[in-house]
Structure formats: structure tokens, C-alpha cells
Amino acid sequence: MVEGRSPDLAAMFRHFQQVGLDVDVEGLRREHPEVGWHTMERWAAERSWDLAGPQAADSMTSVRR
């Protein structure tokens, strides 16, 4: 295990690689209409994606010190 990495997180990704993930999205939407579901495309389109914004500048400052 890599220091600082979670064994549980590693197990989850191993499971995804070996078994996969099968989700009945339409069934979830039918059973839980109150959630206000949206697509991944819509979620991504609603984000600013300014990767060079203030947080990026702050992280670069801390790297230089």
C-alpha cells in the first residue's frame, strides 16, 4: 500500500476493475423522482472549468515556497 492511501479506496477501485459497476439508472430515476436527476453532460456543462483560476494560483504559490 502507498503511504497515505486508503485500503478501502484501493479495494473499491480493484472491485470496479475486476467486477465493474452496474447501475440501473432508469430504475433509480423512476423510484426516486424527488432527487432531480441530471446527466453527466449537463453536470459538466454547468461547471466553470477555470483550471487556471484562484485555487490553481494558490496551489502554485505553495509549491514555490
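Just after helix α1, G20 takes a positive phi of about 100°. Keep that spot in mind as you look around, and remember that this is a predicted model. Another positive phi turns up at W49, with a value near 55°, and this residue is not a glycine. Most residues other than glycine have a negative phi. W49 lies in the loop between α3 (40-45) and α4 (54-64), and we will come back to this tryptophan below.

Now step back and take in the whole chain. The protein chain has four helices and zero strands, so if you follow the elements from the N terminus on, they read α-α-α-α. How much of the chain counts as buried? Of its 65 residues, 3% do. The accessible surface of the chain comes to about 6400 Å², and 57% of that surface belongs to carbon and sulfur atoms.

Let us walk along α1, which covers residues 7-18. At its N-terminal end, S6 acts as a cap: a side-chain oxygen of S6 lies 3.2 Å from the backbone nitrogen of D8. You can also check the length of this helix yourself. The twelve residues of α1, at 1.5 Å a residue, should span 16 Å, and because the C-alpha atoms at its ends are 16 Å apart, the model agrees with the expectation.

Two phenylalanines on this helix deserve a look. F13 and F16 both sit in α1, three residues apart, which is about one turn of the helix. An α-helix has 3.6 residues a turn, so residues three or four places apart point the same way. How do we describe two rings that meet? A pair of aromatic rings is described by the distance of the centres and the angle of the planes. For F13 and F16, the centres are 6.1 Å apart and the planes make an angle of 90°, an edge-to-face pair. F13 has 46% relative accessibility, so it counts as partly exposed. F16 is partly exposed too, because its relative accessibility is 33%.

A search of the whole structure finds two aromatic pairs. The other one joins W43 and W49: their ring centres are 6.0 Å apart and their planes stand at 80°, so this pair is also edge-to-face. W43 has a relative accessible area of 30%, and therefore counts as partly exposed.

Next, look at the outside of the model. Which residues form the nonpolar patch on the surface? They are L9, M12, F13, F16, L21, V23, V25, L28, V35 and W37, and together they have about 880 Å² of accessible area. The elements that give two or more residues to this patch are α1 and α2 (25-31). With four residues, α1 gives the most. Notice that both phenylalanines of the aromatic pair in α1 are members of the patch. V23, another member, is found in the loop between α1 and α2. This valine is partly exposed because its relative accessibility is 43%.

Finally, turn to the charged side chains. Side chains of opposite charge can pair when their charged atoms come close. How many salt bridges are there? The count comes to two. One of them links E26 with R29, whose closest N and O atoms are 3.7 Å apart. Both residues lie in helix α2, three residues apart, about one turn of the helix. E26 counts as partly exposed because its relative accessibility is 47%, and R29 is partly exposed as well, with a relative accessible area of 29%. The other salt bridge joins E46 and R42, and here the closest N and O atoms are 3.1 Å apart. R42 has a relative accessible area of 43%, so this arginine is partly exposed.

Technical notes. Residues are numbered from 1 along each chain as its sequence is written. This is a predicted model: local features need pLDDT of at least 70, side-chain atom pairs count only at pLDDT 80 or more; totals for chains, interfaces and linings use all residues. Side-chain values use heavy atoms; hydrogens and water are left out. Rings of Phe, Tyr and Trp (its six-membered ring) pair if their centres lie within 6.5 Å; planes under 30 degrees apart count as stacked, over 60 as edge-to-face and the rest as tilted. Buried means under 20% relative accessible area, exposed over 50%, partly exposed in between (1.4 Å probe, protein chains only). The expected span of a helix is 1.5 Å times one less than its number of residues. A polar contact is a pair of N or O atoms within 3.5 Å; within protein, one must be able to donate a hydrogen and the other to accept it, and residues adjacent in sequence count only if both atoms are side-chain atoms. Patches are made of residues with over 30% relative accessible area and no salt bridge: like charges are joined within 9 Å, nonpolar side chains (Val, Leu, Ile, Met, Phe, Trp, Tyr) within 5 Å. Accessible areas come from the Shrake-Rupley method with a 1.4 Å probe; for residues, only the protein chains shown count as cover. A salt bridge is a side-chain nitrogen of Lys or Arg within 4 Å of a carboxyl oxygen of Asp or Glu.
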